[in-house]
Amino acid sequence: MIYMAQKQHRIYNPAMECIDREQLKKLQGERLAATVKLEYENVAVYRERMDAAGVKPEDIRTVDDLKYLPFMEKTDLRDYYPYGLMASPKSAIVRIHGSSGTTGKPIVSGDTRGDLDVWSEMMARTLTAAGCTSEDIVQVAYGFGLFTGGFGAYQGADRIGAMVLPMSSGNTQRQIMMMKDMGTSILCCTPSYATYLGETVREMGIDPKRHLKLKAGCFGAEPWTEEMRQHIEELLGIDACDIYGLTEIAGPGVAFECLEKHGMHINEDHVIPEIINPATGEQLPYGTPGELVFTTITKTGMPMLRYRTHDICTLTDEKCACGRTLVRMGRITGRTDDMLVIRGVNVFPSQIESVLVSAEGVAPHYMLIVDRVNNSDTLEVQVEMTEGMFSDTISHIENVRKYITDQIKSVVGIASKVKLVAPKSIPRSEGKAKRVIDNRKL
Amino acid sequence: MFIRQISVFLENSVGELRQLTELLGKNGIDLLALSIADTQNFGIVRLIIRGDKVDDALKLLRDNLYTAKVNHVVCAEVADRPLGLCELLTLIEQAGLSVEYMYSFLRGSGQNYAHMIMRLSDGEKAMQLFEMHNVRVLSQDEVDAL
C-alpha cells in the first residue's frame, strides 16, 4: 500500500453513512414496510407468493420481519420479463437497464426518476469514498448502454459535480490520450481493463507519476483479487477501490470500498443485506459466509424483496476506521450457482446450451474453457462434432462453426472461440455434468 | 459414375492421423487415395478405399467414435503431361462449375494418365461435361483395380 500516502476519508452523506445503527434499523423498518406494501399492491406474482406463504404486508414492520418474506430469484426476472415485476406504471419508468439472463432473454430493470436519484446518490458516495470531489476529472471506461456500469459511474460523478469523460469501454490508445491530455484523476472501469490500461501506459513509456494526474479508481463488475489490486496500484500509481452492484438491485454502487480497502460498505439506507444458508434459506449471523441477499427499500420502479444474488461472501458490522457505520461485505468468494462473469458479462452455461440445442445437428455436449490472457478474459466453447454438422468440405464446417459463434454472441453478448472436438471427447458424468473449466487465477 | 469417398473428422492434434491409419490398417483396409484438409483446429481426412470395403470401414470408424460420412466424388483421368490438368480445369471453368476440392491418386495406372479425385459444385453437370469432351471418368470397379 505504498501509494496510500495519507488516508483522507471523504464522506458524501455523513448523516446516512455514519448513522447510528439503531436509528438505521428503525429507518430500514419503515422503508421496508412501505416497499412491501407497494409490492403487494402492484406486483401480482409477489402478492400471490406472499398469500401462499400466509404473509400480509402489515406483518412486516421491522427489519426482523424480513425473514418471513419469500425470496426472489433471477429466474423471476426472466419469467416475468419485461414488465411483470414493475411496481410503478410504465409512464413513471424513465430508464431501462439490463444484463444477460440465464437463457436467451436479457433481464431488465426499470427505474423511476426517484430510483435514478437513489442510484446516483449511491454512486456519489462510492466515488467520494475513493477521494473524488467536484475538483476531479472522472474518466468512465465502463460501457454505456443497457449495462449499468457506464451510466452509473457517470451519474455519480455528475452528482458530485466532477468533470466527466464518458469514454465508454475500449479504444485504449484514445483512453490514454484523453487521460493524459485532460488530466483524468479518477478512473472507473473493470479491474481487468484497468490492468490493461496500466500495462499499456507503461509500454508507451508514460510514467504515471510524472505524466498523469490519476489518484484513484473504482473498479468492479467482475471478481478480482488483492494481488490484482496491488498490481493496478503499482502500474497506475493510484488507490484502487472495489465496488459492487447488480442490475437487479440498482447497478454499481450498491456497495463500495473506502480508502481503508477493507471490505465494501453497503448502502443500507437503500438496501438491506442478509446472508443466508443457500440450502435452507435460513438467515446467518454476521461473520458467517453464505449467500448474499438484497432487499431494496427505496426503489419504486422495480423493487426487489429478498433477491438472491447467489454470490457468496461474509458481512461484518465492525466499525470501520473511515467513520462509516454501514456494514461491509467481503470479497465475493464464489457462487452458489454456475454463473460466470466473463469480461464483466454474466454468463450461464445454460445460455450456451440453449444455443446448441436450437442449432440443427448440434449435440448439446460442450465444455466452456475460461481463461485470462493479457488481462482479458477469453471463452472457448468446445463442441463435439456430430454427423449432422460434419461435411467433407471445410467451408461447410466453418459455416456451422461461425453460426454457433454468432448465436452465442447474440444470446450471451460476448465473443467466444468455438472449437470443434472429436465425438465423445467431452467427459460425460453421472448427475450434474462439469461444463466449465475456469483457468483464471482469481 | 461417381465413386464413394469416406471423410473423417479429426482434431488437429498430435497422433490423430496415425491412430486413424492404424485403425484402418489393422482392419485390413488399404488406402487408395487420401487427402487432408486442415484448419487451425480441425481437419477432414478424405479417403478412397475399395468399393466393397466402404460400408465396413464406415461401421468400423463409427464404432470407434469417429465422425465419418460417405460422399460421392468424381475420379477423372487427366493426361500426364504439362497442361494436362489445366485443360481439364479450363473445361470445368468454362462450364461455370467450380472445384470444391481435388486431390490425386496415390498410385497411377502405370500409363500416361494421372487420376484426379474431385468434388465439383454440380456433379451431374460435370459428368455430362466430361462425357461431351471425352474426359475419361473411372468407375468404382476401375478405381478398385488401380
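**Exercises on a two-chain model**

In this structure, 13 residues of chain A are in contact with 17 residues of chain B, two residues being in contact if their C-beta atoms, placed from the backbone, lie within 7 Å. The model is predicted, so that local features need pLDDT of at least 70 and side-chain atom pairs count only at pLDDT 80 or more, while totals for chains, interfaces and linings use all residues. Residues are numbered from 1 along each chain as its sequence is written, and chains are lettered from A and ligands numbered from 1 in the order in which they are written.

**Exercise 1. Describe the side of chain A that touches chain B.**

Step one: strand S20 (residues 417–421) of chain A provides the largest share of this side, 3 residues; helices (H or I, at least four residues) and strands (E, at least two) are DSSP runs, numbered from the N terminus.

Step two: sorted by class, this side of chain A holds 7 nonpolar, 2 polar and 4 charged residues. Here Ala, Val, Leu, Ile, Met, Phe, Trp, Tyr, Cys and Pro count as nonpolar, Asp, Glu, Lys and Arg as charged, and the others, Gly among them, as polar.

**Exercise 2. Determine how helices H7 and H8 of chain A are oriented to each other.**

Step one: the axes of H7(A) (residues 172–183) and H8(A) (residues 191–203) come within 10 Å and cross at roughly 75°. Axes are lines fitted to C-alpha atoms, for helices over the stretch in contact, with angles from 0 to 180 degrees between N-to-C directions.

Step two: the two helices are therefore roughly perpendicular to each other, a term that covers 65 to 115 degrees, whereas angles under 35 count as roughly parallel, over 145 as roughly antiparallel and the rest as oblique.

Step three: H7(A) contributes Thr172(A), Gln175(A) and Ile176(A) to the contact, and H8(A) contributes Tyr196(A), Leu197(A), Thr200(A) and Val201(A). By class, this contact has 4 nonpolar, 3 polar and no charged residues.

**Exercise 3. Trace the open sheet of 6 strands in chain B and find its edges.**

Step one: the strand order is S2-S3-S1-S4-S6-S5 (chain B), with antiparallel pairing; two strands pair if DSSP finds at least two bridges between them.

Step two: S2 and S5 (99–104) of chain B each have a single partner strand and stand at the edges, so one side of each is left without a neighbour in the sheet.

Step three: on average, and with direction ignored, neighbouring strands of this sheet are turned by 35° against each other. S5(B) pairs with S6(B) (residues 113–120) in the antiparallel sense over 5 bridges, and Tyr103(B) has Ile117(B) as its bridge partner in S6(B).

Step four: helix H1 (residues 16–26) of chain B packs on the sheet and touches S1 and S3 (42–48) of chain B, its direction making about 140° with that of S1(B). Helix H4 (residues 123–132) of chain B lies across S4 (68–79) and S6 of chain B, running at about 20° to S4(B).

**Exercise 4. Locate the two domains of chain B and describe their contact.**

Step one: the assignment, which is automatic or from a database, gives domain 1 (3–71) and domain 2 (72–144) of chain B, with C-alpha centres 22 Å apart.

Step two: 13 residues from domain 1 of chain B and 11 residues from domain 2 of chain B take part in the contact.

Step three: on the side of domain 1 of chain B that touches domain 2 of chain B, S2(B) gives the most, with 4 residues. This side of domain 1 of chain B has 7 nonpolar, 4 polar and 2 charged residues.
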